[in-house]
Amino acid sequence: MVLESFQVGEGEVPTVLLHGFLGSGRNLRSLAVAWSEAEPQRRFLLPDLTGHGTSPALPPGADLDTLARDVQETARAKGFTGPLEWVGHSLGGRVSLAASLLFPSEVTPVTLLDITPSPVPVNLSESGMVLNILLQAPDSAPSRKEMRADLMGHGLSAGLADWLVMNLVSLPEGGVRWRFDRQALLELHERVNKTDLWAAVERPGAKVRCIRGGRARYVTDADLARLEKAGCPVATLPESGHFVHVDAPQALLQWLRTWG
């Protein structure tokens, strides 16, 4: 399945940038632009993952492999050749690990932006909390402003509410509705969080690195120790939360441009 996507840069080094759960490719546009300016030899592909943004809906039973295959097919359809470097935030990082198992000679290296290869406990999933509130929201509303107010009334911050209402589309008769299938996303969320992806890090020849937010909870100290034991370097941005590309963009970019 070919996904909705856009590109940044015109270099020869093919790099796939993947957003997190409930996001879209444009969430990482600023990172791609800054990285492209620093390294004009790169060419970035930023797709909307399956079931996200304006990409096709999730098929029944979709899992990480489903999403990974769709990204790989999209990259090839858009003319990205040879081994691809995959960089993924949150869900995007887990999709990248799945892709490295499906296409071991075509996906290298992999960069994880604040996400663990371990199964993610429900009580640690920030996206799960946001999804639960999203599921309580109405299917449609007279305006974005009213949908935003409903989300905030259920406890979401203004920033998260603003981010979510980017997924609203206008109705011909007036008002707005959600672009994505919230029930399908719930089922996907439960499925992908249960997946153990350590094989992608610990397999022979794996080239993986990870950066974590010091205020986030996805990559634990135990994960850090296991990652480093497997030869995966880990860096921590002390003042950053889960959205490392938003909280510490300059420090993240500096780290992305190095290995080790």
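Tutor: Buried means under 20% relative accessible area. The model discussed here is predicted.

Student: Does Asp 114 count as buried or exposed?

Tutor: Asp 114 is in the loop between strand 5 and helix 4 (126–136). Its relative accessibility is 0%, and the cut-off for buried is under 20%. Asp 114 therefore counts as buried.

Student: What is phi of Asp 114 near?

Tutor: Most residues other than glycine have a negative phi. Asp 114 is a residue other than glycine, yet its phi is positive. The value for Asp 114 is near 50°.

Student: Which residue has a positive phi of about 70° although it is not a glycine?

Tutor: The residue lies in the loop between strand 2 (13–18) and helix 1 (29–38). At 1% relative accessibility, it counts as buried. The residue with this phi is Leu 22.

Student: Is the peptide bond from Thr 108 to Pro 109 cis or trans?

Tutor: Most peptide bonds are trans. For the bond from Thr 108 to Pro 109, omega is near -5°. Pro 109 itself is in strand 5 (residues 107–113). The bond from Thr 108 to Pro 109 is cis.

Student: Which element gives the most to the lining of the second largest cavity?

Tutor: The second largest cavity holds about 50 Å³ of space. Among the residues that line it are Val 107, Thr 108, Pro 109 and Val 110. By class, this lining divides into six nonpolar, three polar and two charged residues. The element that gives the most, with four residues, is strand 5.

Student: How many cavities of 30 Å³ or more does a search of the whole structure find?

Tutor: Rolling a probe the size of a water molecule over the atoms shows where empty space is left. The largest cavity has a volume of about 90 Å³, and the second largest has about 50 Å³. For cavities of 30 Å³ or more, the search of the whole structure gives a count of three.

Student: Which helix gives the most to the lining of the largest cavity?

Tutor: The lining includes Phe 21, Ser 90, Ile 115 and Tyr 218. Helix 3 (91–102) and helix 7 each supply at least two of the lining residues. With three residues, the largest contribution comes from helix 7.

Student: Where is Asn 193 found?

Tutor: Asn 193 is buried, with a relative accessible area of 12%, which is under the 20% cut-off. Leaving aside residues up to four places away in sequence, Asn 193 touches Arg 94, Pro 119, Val 120 and Ser 125. Asn 193 is one of the residues lining the largest cavity, and it also helps line the second largest pocket. Its place is in helix 7 (residues 182–193).

Student: Which elements give two or more residues to the lining of the second largest pocket?

Tutor: The second largest pocket contains about 200 Å³ of space. Its lining includes Gly 128, Met 129, Leu 186 and Glu 190. The elements that give two or more residues to this lining are helix 4 and helix 7.

Student: What volume does the largest pocket have?

Tutor: The lining of the largest pocket divides into 10 nonpolar, nine polar and one charged residues. Four of the lining residues, the largest share, come from helix 4. The volume of the largest pocket is about 330 Å³.

Student: Which residues that line the largest pocket are the closest to its centre?

Tutor: The largest pocket, of about 330 Å³, is lined by 20 residues. Helix 4, helix 6 (158–164) and helix 10 (244–247) each give two or more residues to the lining. Closest to the centre are Phe 21, His 89, Leu 160, Trp 163 and Phe 243.

Student: Are helix 2 and helix 3 roughly parallel or roughly perpendicular to each other?

Tutor: Two packed helices are described by the angle between their axes and the distance between the axes. The axes of helix 2 (residues 64–77) and helix 3 come within 8 Å and cross at roughly 80°. Angles of 65 to 115 degrees count as roughly perpendicular. Helix 2 and helix 3 are therefore roughly perpendicular.

Student: How many charged residues does the contact of helix 2 with helix 3 have?

Tutor: On the helix 2 side, the contact includes Asp 65 and Arg 69. On the helix 3 side, Arg 94 is one of the residues in contact. By class, the contact has eight nonpolar and no polar residues, and the number of charged residues is three.

Technical notes: Residues numbered from 1 in each chain as written. Predicted model: local features only at pLDDT ≥ 70, side-chain atom pairs only at ≥ 80, totals over all residues. Heavy atoms only, no water. Buried < 20%, exposed > 50% of the residue type's maximum accessible area, 1.4 Å probe, protein only. Contact = heavy atoms within 4.5 Å. 1 Å grid on protein atoms, 1.4 Å probe; cavity = no way out; pocket = protein on both sides within 12 Å on 5 of 7 lines; lining within 4 Å. Points joined across faces, edges and corners; volume = space filled by probe spheres on them. Nonpolar A, V, L, I, M, F, W, Y, C, P; charged D, E, K, R; others polar. Axes fitted to C-alpha atoms, helices over the stretch in contact; angles between N-to-C directions. Parallel < 35°, antiparallel > 145°, perpendicular 65-115°, else oblique.
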